[in-house]
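Here is a short set of exercises to work through with the model open beside you. Try each task on your own before reading its solution.

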Amino acid sequence: NMDFEEILAKCGHSSRYQFLLLSLYGYLMVVISMHYFSQNVISFVPDHWCYHDQLAHRSFDEIEAIYSQFENPSCTRLEKIDEHGGNHTVSSELCNRWIYKYDFGYESMNTELNWVCNNAYKPRVGQSLFFVGSVCGTLVFGLLGDRIGRIKALILANWCGFLGDFSTIFTKSLVSFSISRFVSGLAADANSYLMYILILEYVSPSLRNVGLNTVLGSFYCLGLIGASWLAVWVGHWRIFLACSSVPLLLVTLFYFLVQESAQWLVTRGDIDGAIRRLQRVAQFNRRQVADDDFKAFRNHCELHYKQAEKDQDGHIEENLLDMMKTPRMRSTAFKLLLIFIIIVPCYNTIARNVEGLGISPFIMFSLNALTLPPSGYLQGLLQDRIGRKATAVSWMTFTGLFAAAAGLVISQGSNRNVVLLVGLTLAARFGVSIADGASSQFSTELIPTCVRGRGVAVVHVAGFAASFLSPYILHLGTYFKPAPSIILGLLFLAGAYVCLLLPETRNKKLPMSLAEGEEFGRGEGMFHFLSSLRKAENAETEVEMSTKPIEEDTLMTKPF
């Protein structure tokens, strides 16, 4: 018998086909990042003031000086303007026309439709429906990926993304905008993890750790920067959406370039189809694989598939609901859900908070993107050195402090230090990338192997469902500017506390069954990882003195 890893090694698992997959994944990361953050780009709101005939020929500095006397300058309507002093008369009527100071000449959806002031809630509603769509899409396309295949589900997800973004171009009302954003949101996450699963099943472990993470961080960063400056280049939100949505259709070509998951075909009983895909991979990699090797692989699959059928008929397989039947596993499951419910909305809120900082949102968007590659590298380094738990707890705490400090700077109003505020915001963006990645990997390792795939899907869905609140957290800033930062600070500190209640996974045999999961970390206290870390440092020192090689801690990769 020959298992899948062995036959894949003969066909090539670090060769030409694998680098093709990584190249296509890089393209997908650029397209996905532009799609995911396009709703922010189309909703940018520049400095604005209520229109008045006497201000038609004034400079922006003069207009800003006139309105700076009022508590809410963007939404205060003046009935009469004193040409010689500050005795301006405030109108009792609501503002219905504005003067916009466009950033780089870019006209957003909010400025065209005047969704500001009393109508500022409308874009937030649409963004919330985007996250509702992502929850539904993650479940639906995840199910389709197991039913019709990874490639077909990936293509359908990206078609939904194109349809939602392209239909947004023609929206003029809140209802049509919300529907189009919901359809667009169906693609979010699903158009990423389906391709990620495919790559994991076709590449070597070493290429997963180095190549996949490098491609993810670098090309996602390029997509974010590209989204910002594409909008500046075209100058209008409708043209931007048209340009950013069309590349989603090109993912259809993956059907002709990427082989369907051979492992998935085996689980569906299509062993012949799996062998055909592996033969194509071998041919692309210019490898000669003997027929006897494929026969040995067929024997292994037939034996394994029959055993799987027996397990299914005997109802002895463990499922996700079985986690709720034992006290420690049940407690762990709820803690993991709580962590994702906290960290994912915080990540989305910080990643999208690029306005009102005293700097162009396009520049801020690009600066945020540049934090992604180094944060990913530092995350991996810290997890190897100090462990998953210490990394997650420390960076949640640091990020919470950065966010709270940014709130204090924002509370100073016009007297705030712009450089300090931007620095704290970038520090929070850097920190939340590490905290999100570390907590995701930490959670993945705590879920037993037998239910890991389904468990990870559930906690991701819970996180996206909670992200429904992130636009409203940002919207609170229109009433009290430091509010979003203060709320984020408190949430991060709460998340760090929940992480402290979980056991460390570094250098430990991860649980495979629910029984092992129930016993994993038993008797380990909240701060036990600190003493373990000191012991590890002492042991490392002794090993270095004795020149014995240190056993490496294998990192698991993260799809988002």
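**Exercise 1.** What is the handedness of the link of Cys75 and Cys117, left-handed or right-handed, and what is the angle about the S-S bond?

*Solution.* Keep in mind that this is a predicted model. Start with the pair itself: Cys75 and Cys117 form a disulfide with sulfur atoms 2.0 Å apart. Next, read the angle about the S-S bond, which is -95°, making the link left-handed. Then place both ends on the chain. Cys75 sits in the loop between helix H4 (60-67) and strand S2 (78-80), while Cys117 sits in the loop between helix H5 (109-112) and helix H6 (121-147). The two are 42 residues apart, and the pair links distant parts of the chain. Finally, check the accessibility of Cys75: its value is 27%, so this residue counts as partly exposed.

**Exercise 2.** Find how many disulfides the whole structure has, and work out their pairing.

*Solution.* A disulfide is a covalent bond between the sulfur atoms of two cysteines. A search of the whole structure gives 2 of them. Besides the pair treated above, Cys50 and Cys95 form a disulfide, with 2.2 Å between their sulfur atoms. Cys50 belongs to strand S1 (residues 47-50) and Cys95 to the loop between strand S3 (89-90) and strand S4 (98-101), so this bond ties together parts 45 residues apart in sequence. Both ends fall under the 20% cut-off for buried residues: Cys50 has 0% relative accessibility, and Cys95 has 14%. Now number the bonded cysteines in sequence order, and the pairing reads 1-3, 2-4.

**Exercise 3.** Compare the span of helix H8 with the expected span, then say which of its residues are buried and what covers them.

*Solution.* Helix H8 (residues 174-185) has 12 residues. From first C-alpha to last it reaches 16 Å, close to the 16 Å expected at 1.5 Å a residue. For burial, go along the helix: Phe177, Ser178, Ser180, Arg181, Val183, Ser184 and Gly185 are buried. Then look at the surroundings, where the cover includes helix H2 (16-36), helix H3 (38-41), H5, H6 and helix H7 (150-168).

**Exercise 4.** Which residues form the nonpolar surface patch that includes Leu253, and which residues does Lys152 touch?

*Solution.* The patch consists of Leu250, Leu253, Tyr255, Phe256 and Leu257, with about 530 Å² of accessible area together. Leu253 lies in the loop between helix H11 (237-249) and helix H12 (254-257), and its relative accessible area of 46% makes it partly exposed. Now turn to Lys152, which is in helix H7 and is partly exposed at 42%. Leaving out residues up to four places away in sequence, Lys152 touches Tyr255 and Glu260. Tyr255 is one of the patch residues. To see how the chain comes together here, take the C-alpha atoms of Lys152 and Phe254: they are 9.3 Å apart, although 102 residues separate them along the chain.

**Exercise 5.** Summarise the protein as a whole: how many helices and strands are there, and what percentage of residues is buried?

*Solution.* Count the elements to get 25 helices and 4 strands. Of the 560 residues, 51% are buried. Among contacts between residues at least 6 apart in sequence, 80% join residues at least 24 apart. Last comes the surface: about 25600 Å² is accessible, and 61% of that belongs to carbon and sulfur atoms.

Note on methods. Residues numbered from 1 in each chain as written. Predicted model: local features only at pLDDT ≥ 70, side-chain atom pairs only at ≥ 80, totals over all residues. Heavy atoms only, no water. Buried < 20%, exposed > 50% of the residue type's maximum accessible area, 1.4 Å probe, protein only. Contact = heavy atoms within 4.5 Å. Areas by Shrake-Rupley, 256 points an atom, 1.4 Å probe, with all protein chains shown as cover. Disulfide = S-S within 2.5 Å. Patch = residues over 30% accessible without salt bridge, like charges linked within 9 Å, V, L, I, M, F, W, Y side chains within 5 Å. Salt bridge = Lys/Arg side-chain N within 4 Å of Asp/Glu carboxyl O. Expected span 1.5 Å × (residues − 1).
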